[in-house]
Structure formats: structure tokens, C-alpha cells
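Student: I would like to learn how to read a protein model step by step. Could you take me through some features, giving the general idea before the case at hand?

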Amino acid sequence: MAEAGLTRRQIAQEAGIAESTLYQHYFSEMGGRAGCPGRRAHVPTNAQRSFVSSRATAGATAQTIAIEMGLSAPTVRKHYRDELNRAHGGV
């Protein structure tokens, strides 16, 4: 069903089970990661690092940068800590 393009919610409904049951028993088949089923890890590119660095140097907050990038503020803080610190005079 996943290969046919159905969402996890649709697969669970078709199978007559809860999404949590689907995750619990078909976790690896669904391409999930521990703690965050269905969501892929953010892997920063050099272009993204440069963007964050320039925006932070210009005074943008992590929240503003996150919105501009379509990410959450915690993701920006986690993956771009060095860029944010350098822009704000940190090490």
C-alpha cells in the first residue's frame, strides 16, 4: 500500500488498525525512525548553512529563520547551532 502511494493514515484505515499499531508493527517497512515515525531527519546543506549564517548575522531570530526555511525553531537551533552562535558573537 505504501508503494502504491497511500499515506500512513490511509494504510491504517484500510487495514482497520490504529496508526500507532501500524507504526509499532510495521515500523521499518514504513521508513520510520525511532521517536519520530514518518519524518525524515533534517540534513543541512552548505547553502542552508550559509543562509542561516547570513540571516542570523543580519539579526534574524532562530524562529524567523525557521519560518523562512519551513522548519521548526528547535530544528534550526539543533542543526545550525554553530552558525547562530557565530552570528551572535559566540565561539
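Tutor: Let us begin with a single side chain, keeping in mind that this is a predicted model. Arg-9 has a relative accessibility of 53%, and because exposed means over 50%, Arg-9 counts as exposed.

Student: Which residue forms a salt bridge with Arg-9?

Tutor: The general idea is that side chains of opposite charge can pair when their charged atoms come close. Here the partner of Arg-9 is Glu-19, and the closest N and O atoms of this salt bridge are 3.1 Å apart. The two residues are ten apart in the sequence, with Arg-9 in helix H1 (residues 8–15) and Glu-19 in helix H2 (residues 19–26), so the pair links distant parts of the chain. Glu-19, at 25% relative accessibility, counts as partly exposed.

Student: At what angle do H1 and H2 pack?

Tutor: Their axes are 9 Å apart and the angle between H1 and H2 is about 95°, which means that H1 is roughly perpendicular to H2. From H1, the residues Arg-8, Arg-9, Ile-11 and Ala-12 take part in the contact, and they meet Glu-19, Leu-22 and Tyr-23 of H2. Sorted by class, this contact of H1 with H2 has four nonpolar and three charged residues, with no polar ones.

Student: How many salt bridges does a search of the whole structure find?

Tutor: The search finds three. Besides the pair of Arg-9 and Glu-19, there is a salt bridge between Arg-55 and Glu-68, with a distance of 2.8 Å from N to O. This pair also links distant parts of the chain, since Arg-55 is in helix H3 and Glu-68 is in helix H4, 13 residues apart. Arg-55 is partly exposed at a relative accessible area of 23%, and Glu-68 is partly exposed at 40%.

Student: Which residues form the salt bridge that is still missing from your account?

Tutor: They are Arg-49 and Glu-83, whose closest N and O atoms are 2.9 Å apart. Arg-49 in helix H3 and Glu-83 in helix H6 (residues 81–87) are 34 residues apart, and this pair, too, links distant parts of the chain.

Student: Is Glu-83 buried or exposed?

Tutor: Glu-83 has a relative accessibility of 6%, and because buried means under 20%, Glu-83 counts as buried. Its partner Arg-49, by contrast, is partly exposed at 30%. If we leave aside neighbours within four places in sequence, Glu-83 is in contact with Arg-49, Val-52, Ser-53 and Ala-56.

Student: What should I look for when I turn to the nonpolar side chains?

Tutor: In soluble globular proteins, nonpolar side chains tend to be buried together. In this model the largest nonpolar core has eleven residues, namely Val-52, Ala-56, Ala-60, Ala-62, Ile-65, Ala-66, Met-69, Ala-73, Val-76, Tyr-80 and Leu-84. At least two residues of this core come from each of helix H3 (46–57), helix H4 (62–69) and helix H5 (73–79), and H4 gives the largest share, with four residues.

Student: Which residues does Val-52 touch, not counting those up to four places away in sequence?

Tutor: Val-52 touches Ile-65, Met-69, Tyr-80, Glu-83 and Leu-84. You can therefore read Val-52 in two ways, as a member of the nonpolar core and as a contact of Glu-83, which counts as buried at 6% relative accessibility.

Key:
Residues are numbered from 1 along each chain as its sequence is written. This is a predicted model: local features need pLDDT of at least 70, side-chain atom pairs count only at pLDDT 80 or more; totals for chains, interfaces and linings use all residues. Side-chain values use heavy atoms; hydrogens and water are left out. A nonpolar core is a set of buried Ala, Val, Leu, Ile, Met, Phe, Trp, Tyr and Cys residues joined through side-chain atoms within 4.5 Å. Buried means under 20% relative accessible area, exposed over 50%, partly exposed in between (1.4 Å probe, protein chains only). Contact means heavy atoms within 4.5 Å. A salt bridge is a side-chain nitrogen of Lys or Arg within 4 Å of a carboxyl oxygen of Asp or Glu. Axes are lines fitted to C-alpha atoms, for helices over the stretch in contact, and angles run from 0 to 180 degrees between N-to-C directions. Angles under 35 degrees count as roughly parallel, over 145 as roughly antiparallel, 65 to 115 as roughly perpendicular and the rest as oblique. Ala, Val, Leu, Ile, Met, Phe, Trp, Tyr, Cys and Pro count as nonpolar, Asp, Glu, Lys and Arg as charged, and the others, Gly among them, as polar.
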